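Please examine the structure shown here together with its sequence. The explanation below leads through it step by step.

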Amino acid sequence: MTTQGTPLASMLSAWREDVDSAAFAEPRVRALLERRWRVLRVESGGMRYIDKAGVEAEIPDDLSAAEARTRIAALSQSGPLVLRFAQPLGFRTVTKFPVAAASHLDSAARLALPRLSPLPPSNVALAVEHHQADPDSENWLQVHVAIVRKDRLEASLQRAAELDLTPVATDLEGAAPRAAPAYDLRTGKRGSGGHRSVFRWAMAVAAVALIVSASAWADRSLRLQPRLSAIQSELVAEPVSEAANAQAQLKASAGSATIALADLSRRLPDGAYITALDLRDGILRISGFANDAAAALRALDASPEFDGAAFAGATVRDDANGLERFEIVLTHVPASGAES
């Protein structure tokens, strides 16, 4: 059934695919957003855990789950995990389907199982790896199908669960043993893809920027408005010139957090952005991400609006976006006449 949200979802999906395709065509962007996968390789007689750095741990079938977890714990646990069957434990076949079947190739391949596999259809796990136009006829597609035994897949998933491992995809090993999965052998599951989505990442950054802007507005409207009114009363009462009075009121109307945020936006280098900001009694604490957190610290420390910039903790590179997460504490020294 089509709902009102369906056209919008389709439009967003098309935008995401267009943006991601254009971004991935740029080598530097592709290198930044490319995922590095961990592999749980299913072999005859056991498994092999390979972390994203390529370090391996053998897990024989007769090894207890507790001992296996200890071996795995010694390796890196970061990055998505694929359950991957060694080539001897499955096979690939190429078949043909009419072009009209392009939107439901998985179902078509399952219906064609008697001619695709010697295994009983009830004991088959399959997925379409990819398809292409048939060179002999424009009305047909060449479809490449990966097949493994369903009971072996289920047993491997159960073993992975005993090891506290949760694969996000299952596939059959190809020419590149550590490549990103393009499909998933589990029924009803699709591949996770080899890259993070540029479109989704950009939407997340926009959402963070919106939250920061809303926080600044709320800070100015709810917390600083009484102080602003007092400043305005004091300025009217003091014997200062009308021009100086107007200039001071303009600076005060911006609000201390807004002034600090404006100064930060001018002084932070490209590739750095803020996710959290706290200003109390002139002491500013900011958190965010940067290509080079040390460069961001130097830029702030050299700025006349800030003093005593220092990291509040160790910088850590975030696996999700490839940037360095930082937290910096510094003193805000706004221009004369502004609130600190």
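The paragraphs that follow treat a sheet, the helices lying across it, one residue in a strand and an aromatic pair.

The model is predicted. A suitable starting point is an open sheet of 5 strands, in which the order is β3-β2-β1-β4-β8 and the pairing is mixed. Strands β3 (56–60) and β8 (169–172) form the edges, each pairing on one side only. From one strand to the next, the twist averages 20°. Within this sheet, β1 and strand β4 (residues 81–85) run parallel and are joined by 5 bridges. Arg41 has Arg84, in β4, as its bridge partner.

Two helices may be considered next to these strands. Helix α3 (residues 65–73) lies across β2 (46–50) and β3, and its direction is at about 175° to β3. Helix α6 (residues 150–162) lies across β1, β2, β3, β4 and β8, running at about 140° to β4.

Attention may now turn to Glu43, which is located in strand β1 (residues 38–43). Glu43 counts as buried because its relative accessibility is 17%, and buried means under 20%. Its side chain makes a polar contact with the side chain of Arg48, at 3.0 Å. Leaving aside residues up to four places away in sequence, Glu43 touches Arg48 and Leu89.

Elsewhere, a search of the whole structure finds 1 aromatic pair. Tyr273 and Phe289 form this pair, which is tilted, with 5.7 Å centre to centre and 40° between the planes. The pair links distant parts of the chain, since Tyr273 belongs to strand β9 (residues 272–280) and Phe289 to strand β10 (residues 283–290), 16 residues apart. Phe289 is buried, its relative accessible area being 9%.

Conventions. Residues numbered from 1 in each chain as written. Predicted model: local features only at pLDDT ≥ 70, side-chain atom pairs only at ≥ 80, totals over all residues. Heavy atoms only, no water. Helix = DSSP H or I, 4+ residues; strand = E, 2+ residues; numbered from the N terminus. Buried < 20%, exposed > 50% of the residue type's maximum accessible area, 1.4 Å probe, protein only. Polar contact = N/O pair within 3.5 Å; in protein donor to acceptor, adjacent residues only side chain to side chain. Contact = heavy atoms within 4.5 Å. Phe/Tyr/Trp six-rings, centres within 6.5 Å; stacked < 30°, edge-to-face > 60°. Pairing = 2+ DSSP bridges. Axes fitted to C-alpha atoms, helices over the stretch in contact; angles between N-to-C directions.
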